[in-house]
Amino acid sequence: MTAPIRLVDSHAHLAMEEFDPDRDDVVRRAFDAGLDHLLCPIDISSERSLRITQDLTAAFAMIHAAAGLHPHQAKLFAPNLIAAILDLAGRKKILAIGEIGLDFHYDFASPDEQKKAFRGQLALARELGLPAIIHSRDAGPEIARTIREEGFSNGGILHCFTEDWDFAKTAMDAGFFISFSGLVTFPKSGDLREVAIKVPADRLLVETDAPYLAPVPHRGKRNEPAFVVETAKLMAQIRKTSFEKIAEDVLGNFRSLFKIDS
Ligand SMILES: [Zn+2]
Ligand SMILES: [Zn+2]
């Protein structure tokens with residue numbers, strides 16, 4: 001008998017309302033699918049996100065969290081939120097600051113507001129000695145510049161990666177892991193697949209970004225952590241390796257980044 005597959009979902013928003021009807025079942029299905037570790041970013045501007053995510057991390061050993069203000073919410077960046085992040089940062093299951101970053105595809109917050117919130121939180125992560133979970137959409141050069149200017153060397157994850165190879169390289173040089181979502185399973189993701197093929201095995205992660213971006217064959221449905229298996233299978237196919245090898249690599253990478261022994 002072969003050993004059961006053990007995998008990770010490096011990014012899932014389990015506190016979102018989409019999971020209110022069946023959150024415990026979603027977590028059980030993640031266990032059943034072989035997930036060993038799961039990272040939930042807390043939206044620090046939402047009391048609800050904070051409460052539900054903390055309940056999940058308390059109830060399930062496999063669930064970890066990060067704390068930060070998403071670029072879409074950047075206009076809310078203020079001293080009280082910094083204090084809230086600081087309050088959480090020392091806790092055992094808060095592994096990183098995030099998700100933070102820049103999203104120039106949408107304009108929920110102006111570029112200036114986003115840059116201020118990103119830079120402020122990256123500086124905070126540096127001071128706290130924590131990795132950062134970074135969201136970057138159409139913003140690679142500005143993210144790279146900020147990492148460099150802030151002298152940020154704690155590493156972390158470029159989550160739901162959609163940028164080009166040059167940016168992937170710059171991010172990896174700065175100690176980051178590159179996490180691919182269900183987007184790589186979409187037939188029109190040729191450019192992204194080219195990047196996914198090139199990322200070294202010791203820098204690779206996979207995620208769902210649930211409830212968004214369900215991978216093929218679940219595309220269009222609510223996404224959930226168990227579906228990360230489909231993304232890992234596609235990665236194995238395009239990288240011409242086995243699903244088992246991808247699972248082993250991403251689990252090892254997740255553990256080494258966050259210094260987890262189990
Ligand atoms: Zn994101
Ligand atoms: Zn996210």
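**View 1. Pairing of strands S2 and S3 in the predicted model.** Strand S2 (residues 35–43) pairs with S3 in the parallel sense, and six bridges connect the two. Between these strands the chain passes through helix H2 (residues 47–59), forming a β-α-β crossover that is right-handed. Within S3, histidine 64 is the residue that stands opposite leucine 39.

**View 2. Pairing of strands S3 and S4.** Strand S4 (residues 94–103) runs parallel to S3, and three bridges join them. Isoleucine 97 in S4 is the bridge partner of alanine 67.

**View 3. Burial of strand S3.** Strand S3 spans residues 63–68, and six of its six residues are buried; the strand is therefore largely enclosed by the rest of the structure. Both of its faces are covered. One side carries Ile63, Ala65 and Ala67, and the other carries His64, Ala66 and Gly68, all of them buried.

**View 4. Protein donors of the zinc ion (ligand 2).** The zinc ion (ligand 2) has as its protein donors His11 through NE2, His13 through NE2 and Glu99 through OE, at 1.8 to 2.1 Å. Along the chain, these donors follow the spacing H-x1-H-x85-E. Histidine 11 has 0% relative accessibility and therefore counts as buried. Histidine 13, at 12% relative accessibility, also counts as buried, because the cut-off is under 20%.

**View 5. The bridge between the two zinc ions formed by glutamate 99.** Glutamate 99 bridges the zinc ion (ligand 2) and the zinc ion (ligand 1). The two ions lie 3.3 Å apart.

Notes: Residues are numbered from 1 along each chain as its sequence is written. Chains are lettered from A and ligands numbered from 1 in the order in which they are written. This is a predicted model: local features need pLDDT of at least 70, side-chain atom pairs count only at pLDDT 80 or more; totals for chains, interfaces and linings use all residues. Side-chain values use heavy atoms; hydrogens and water are left out. Buried means under 20% relative accessible area, exposed over 50%, partly exposed in between (1.4 Å probe, protein chains only). Helices (H or I, at least four residues) and strands (E, at least two) are DSSP runs, numbered from the N terminus. Two strands pair if DSSP finds at least two bridges between them. A crossover is right-handed if, with the strands pointing away from the viewer, the path from the first strand over the helix to the second runs clockwise. Donors are N, O and S atoms within 2.8 Å of the metal (3.2 Å for Na, K and Ca); water is not among the atoms, so sites may look incomplete.
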